[in-house]
Amino acid sequence: MEILLSVSIFILGTIIGSFLNVFILRYNTGASFQGRSKCFSCGTTLSWRELIPILSFVYLDGRCRHCRSSVSAQYPLVELATGFLFLGIFLEFPFTLTAGYILSSVFYALIGSLLIVIVAYDLRHTIIPNLCVYSFIALTFLWLFIDIETMTLVNPSIISILAGPLVAFPLFLLWLVSRGKWMGLGDAKIALGIGFMLGIYGGFSALMISFWAGALVSVIFLALQKKTALSRAGKQLTIKSEIPFAPFLVFGFFLVFFFNLNVFVLW
Ligand SMILES: [Zn+2]
């Protein structure tokens, strides 16, 4: 029963993920949200068999069935990520058939989905959509004042309110001194919501993890670039211009959120 439910939740997540893909692709690009999905190369309207999350991509070998042009890996990756997000929430919070459980699960799913969209949108369009990041900040801030499970108002401590601005501050400072070269303001906005959601220790843990992960990936990236003989000479590699930071922030957030990874305890 538990396994059946887990699989269903995962599949539900991948279906939501395929809707997130549509948003990531079309939001603010002038494209309409109406109308069936089409192949970008040949414009053929895709049938339901070509739109099954993950499976269609794997079955069709990542190519359009009509013109054989390759399909972005963003589709299955976002679907997988959303599937795992839903599964993670389901496993993290033991299932009970109560309004409080359902409300809080939906809330966490919404928060996680917003973050997945932010990351994928940032990777695809190299900008963080304000609609998503402001929704994230507003929801996490409200979350401080409402106990969703019992739907009652709570009085948050000063430190849990300050956690947002404090976690965002280092990134804001990096944005300020580098004039947006090392860090985007959008990254500081994400950190604000992360601080509200995870508190001071959790928030700074997520921040530390994201810096380490970002540094590690940058080093690997640099090493790979040095190895390619054709590396474009003189092209400076900075965290901001080549590697977006939002994915690392969100990676840190999920590690702390799901696994309570607290780097301050490890020390
Ligand atoms: Zn095609």
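Start with the contacts across the whole chain: among those between residues at least 6 apart in sequence, 70% join residues at least 24 apart. As you look around, keep in mind that this is a predicted model.

**Whole chain**

Show the chain as a cartoon and you will find ten helices and two strands. Follow it from the N terminus, and the elements run α-α-α-α-α-β-β-α-α-α-α-α. Now zoom out: along the principal axes, the C-alpha atoms fill a box of roughly 60 × 55 × 35 Å. Is the overall size what a compact globule would have? For 267 residues such a globule would have a radius of gyration near 18 Å, and the 20 Å of this chain agrees with that. Of the 267 residues, 33% count as buried.

**The nonpolar core**

Next, which residues have the most contacts inside the largest nonpolar core? Select Ile 118, Ala 191 and Phe 253, which hold that place in a core of 57 residues. Now colour the helices that each supply at least two residues of this core: α1 (2-26), α3 (74-92), α4 (99-125), α5 (130-145), α6 (158-177), α7 (185-227) and α9 (246-259). Pause on α7, because it gives the most to the core, with twelve residues.

Then centre the view on Phe 253. Leaving aside residues up to four places away in sequence, Phe 253 touches Leu 115, Ile 194, Leu 198 and Ala 206.

**Helix α3**

Move on to α3, a helix of 19 residues. From its first C-alpha to its last, α3 reaches 26 Å, close to the 27 Å expected at 1.5 Å a residue. Show its side chains and pick out the buried ones, among them Tyr 75, Val 78, Thr 82, Leu 85, Phe 86 and Phe 90. What covers the buried residues of α3? Turn on α1, α2 (55-59), α4 and α9, which are included in that cover.

**Ser 113, a last stop**

Finally, select Ser 113, which lies in helix α4. Is Ser 113 buried or exposed? It is buried, because 22 other C-beta atoms lie within 10 Å, and 20 or more are enough to count as buried.

Now display what surrounds Ser 113. Not counting residues up to four places away in sequence, Ser 113 touches Ile 16, Leu 20, Thr 82 and Leu 85. To end the tour, draw a distance from Ser 113 to Leu 85: their C-alpha atoms are separated by 8.0 Å, although the two residues are 28 apart along the chain.

Key
Residues are numbered from 1 along each chain as its sequence is written. This is a predicted model: local features need pLDDT of at least 70, side-chain atom pairs count only at pLDDT 80 or more; totals for chains, interfaces and linings use all residues. A nonpolar core is a set of buried Ala, Val, Leu, Ile, Met, Phe, Trp, Tyr and Cys residues joined through C-beta atoms within 7 Å. A residue is buried if 20 or more other C-beta atoms lie within 10 Å of its own, exposed if 12 or fewer, and partly exposed in between; C-beta atoms are placed from the backbone. Helices (H or I, at least four residues) and strands (E, at least two) are DSSP runs, numbered from the N terminus. Two residues are in contact if their C-beta atoms, placed from the backbone, lie within 7 Å. The radius of gyration is taken over C-alpha atoms; the globule rule is 2.2 Å times the number of residues to the power 0.38. The expected span of a helix is 1.5 Å times one less than its number of residues.
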